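Open the structure in a viewer and keep the selection tool at hand. The stops below are meant to be taken in order.

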Amino acid sequence: MKGLVTGLTVLVLSLIAVLTQTWILLLLELPLLYPLLLSMAFPLLRVDGVKVRREVSRKRVVEGDTVTVTLLIKNDSGRLLFLRILEEIEPPLEVIDGSLRGFFVLKQGEEGKLSYKVSAKRRGHFNLGPTRVEAYDPFLLRREEIFALEPDEIAVLPRILRKYRIAVTSRFTMPRPGEIASKQAGDGGDFLEVREAQEYILRRVNWKATARTRHWMINAFEGERLTSILVILDVSGKRLLGEVIDDFIDELVRVAASIVYSFISAGNNVALLVVGNYRDWIRPGAGKKQLFRLLTSLADVRYLSTKQIIEYEEVFKRISLLISPLGSSVVIISPFAEKEIYDTVSFAESMGYPVTCVAVNPFSIRWTRDQQLHQLLTESWKKGVLKLLSDRRRKLVLVEST
């Protein structure tokens, strides 16, 4: 801008001098022409003369957290430099402290620092950068981009709400202690049968049965084992919710993340299948690494404008046996606003999967902004879900507000 204004000023003075034939005005141009000419003759910095690096406090955060970013720029060119840093960030990341722009005058070997903080309000994967570095001549009349730093990606994971912890049933169990009732004898709390002792355990001896049979008889209890759980997240409901579908999907994902966290914390193998207007699936696994894989996948769940051609039932048929053995537990998280998800429930049960339905209320008070309307819509939704899903074969959990 400074160079442009200087050039235009010289041009205007020259034009006035010619039109008025007042040649003395040309002398006024000399103080402006000298910097312009010297600036054109000044060699700008080569790319290898500057070193830039970006330091990010955390590359994996939870929505609502703050990330601190520091840009360090060092002059290794051997002369005085005038440098400008321009950083870009991907929305919805928002700067809450500091600046994305910085100007530095650096001597040989000197280092400059630019820091800022961004708030990650929405889940997803977002870029910090790219960073552009511009070199200026000493008169600040000419600039040239000399360096570009590639972006760093941060993962903003969905927030976990600790209040969601549900019990599931399963006919498939693994030989490790857990929370799922098993018909095999173990240390559970539910009585299974009286049987002849294979080993003497005093605290389990059934004295009446022992006296009657003249053999050591013990009380056997149901064991509690780990199981494999397939979590199905249904991303649908546009016809019902319209423009607020994206906000509802965020709440739906938080419920899914919280339930996944509770299953992983208990030691179970957990797999994920996303159906609806977005498709994804994660192979089963356990432990902290699997939790991060699941949360990373959930971070990217979106409601896409185009509906997938293959129906839910067909997706379940193709994927379920690959990631979850028959008899293991299936947990379906959905607003249950589309017919396809009800068909998936029936199909899963027909294959032999015990199904738990987690129905999330799509009518939030924040969207209706009317308490009476909110209650009316919620009651209507609840009656419909109870009517269509109430069955002794399955467990139903209603989530009315997150």
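The tour goes from the whole chain to single helices, then to single residues and peptide bonds.

**Whole chain**

Start with everything displayed, and keep in mind that this is a predicted model. The secondary structure amounts to 10 helices and 18 strands. Of the 402 residues in the protein, 47% are buried. Colouring by solvent exposure is useful here: the protein exposes about 21,600 Å², and carbon and sulfur atoms supply 55% of that area. Among contacts with a separation of 6 or more, 71% are between residues 24 or more positions apart.

**Helix α1**

Select residues 2-20, which form helix α1. The 19 residues reach 27 Å from first C-alpha to last, close to the 27 Å expected at 1.5 Å a residue. Now show the side chains and mark G3, T6, V10, L13 and A17, which are buried in α1. These buried positions lie on the same side of α1, because they cover an arc of only 100° around the axis. Turn to the other side of α1 to find L4, L11, L15 and L19, which are exposed. Just after the helix, select Q21, where phi is positive at about 55°.

**Helices α5 and α6**

Next, select residues 245-265 (α5) together with residues 288-299 (α6). Their axes are 10 Å apart, and the packing angle is about 170°. That angle is over 145 degrees, so α5 is roughly antiparallel to α6. To see the contact, show V253, A256, A257, V260, Y261 and I264 on α5, and Q290, L291, L294, L295 and L298 on α6.

**Helix α7, at Y312**

Move to Y312, in helix α7. Is Y312 buried or exposed? Y312 counts as buried because its relative accessibility is 2%. Beyond the neighbours within four places in sequence, the contacts of Y312 include D234, S236, V275, G276 and R279. E338, E340, I341 and T344 are also in contact with Y312. For a distance check, pick the C-alpha atoms of Y312 and I341: they are 6.7 Å apart in space, with the two positions 29 residues apart in sequence numbering.

**Helix α8 and the loop before it**

I341 leads into helix α8, where it is one of the buried residues. Select residues 339-350 to show all of α8; the end C-alpha atoms of its 12 residues are 17 Å apart, which agrees with the 16 Å that 1.5 Å a residue should give. The buried residues of α8 are E340, I341, Y342, T344, V345, F347, A348 and E349. What do these buried residues pack against? Their partners are the strands β13 (228-235), β14 (269-276), β16 (329-334) and β17 (355-360), and the helices α7 (312-323) and α10 (371-389).

Step back to F336, in the loop between β16 and α8. F336 is not a glycine, yet its phi is positive at about 50°. Most residues other than glycine have a negative phi. F336 is also buried, with a relative accessible area of 4%. On the other end of the helix, G352 comes just after α8 and takes a positive phi of about 105°.

**Helix α10**

Now select α10, whose 19 residues should span 27 Å at 1.5 Å a residue; the end C-alpha atoms are 26 Å apart, which agrees. Mark H374, T378, W381, K382, V385 and L389, the buried residues of α10. The buried residues are on the same side of α10, because their arc around the axis is only 105°. The face turned away from that buried side carries the exposed residues Q372, L376, K383 and K387.

**Cis peptide bonds and a loop residue**

Two peptide bonds are worth selecting for their omega angles. P91 and P92 are joined by a cis peptide bond, with omega about 10°; P92 is in the loop between β4 (81-89) and β5 (94-98). The bond from G129 to P130 is cis, with omega near 10°, and P130 is found in strand β8. Most peptide bonds are trans.

Finish at R142, in the loop between β8 (124-136) and β9 (143-149). R142 counts as partly exposed because its relative accessibility is 22%. Add F42 to the selection: R142 and F42 are 100 residues apart in sequence, while their C-alpha atoms are 9.2 Å apart in space.

Definitions and conventions
Residues numbered from 1 in each chain as written. Predicted model: local features only at pLDDT ≥ 70, side-chain atom pairs only at ≥ 80, totals over all residues. Heavy atoms only, no water. Helix = DSSP H or I, 4+ residues; strand = E, 2+ residues; numbered from the N terminus. Expected span 1.5 Å × (residues − 1). Buried < 20%, exposed > 50% of the residue type's maximum accessible area, 1.4 Å probe, protein only. Arc of directions from axis to C-beta. Contact = heavy atoms within 4.5 Å. Areas by Shrake-Rupley, 256 points an atom, 1.4 Å probe, with all protein chains shown as cover. Axes fitted to C-alpha atoms, helices over the stretch in contact; angles between N-to-C directions. Parallel < 35°, antiparallel > 145°, perpendicular 65-115°, else oblique.
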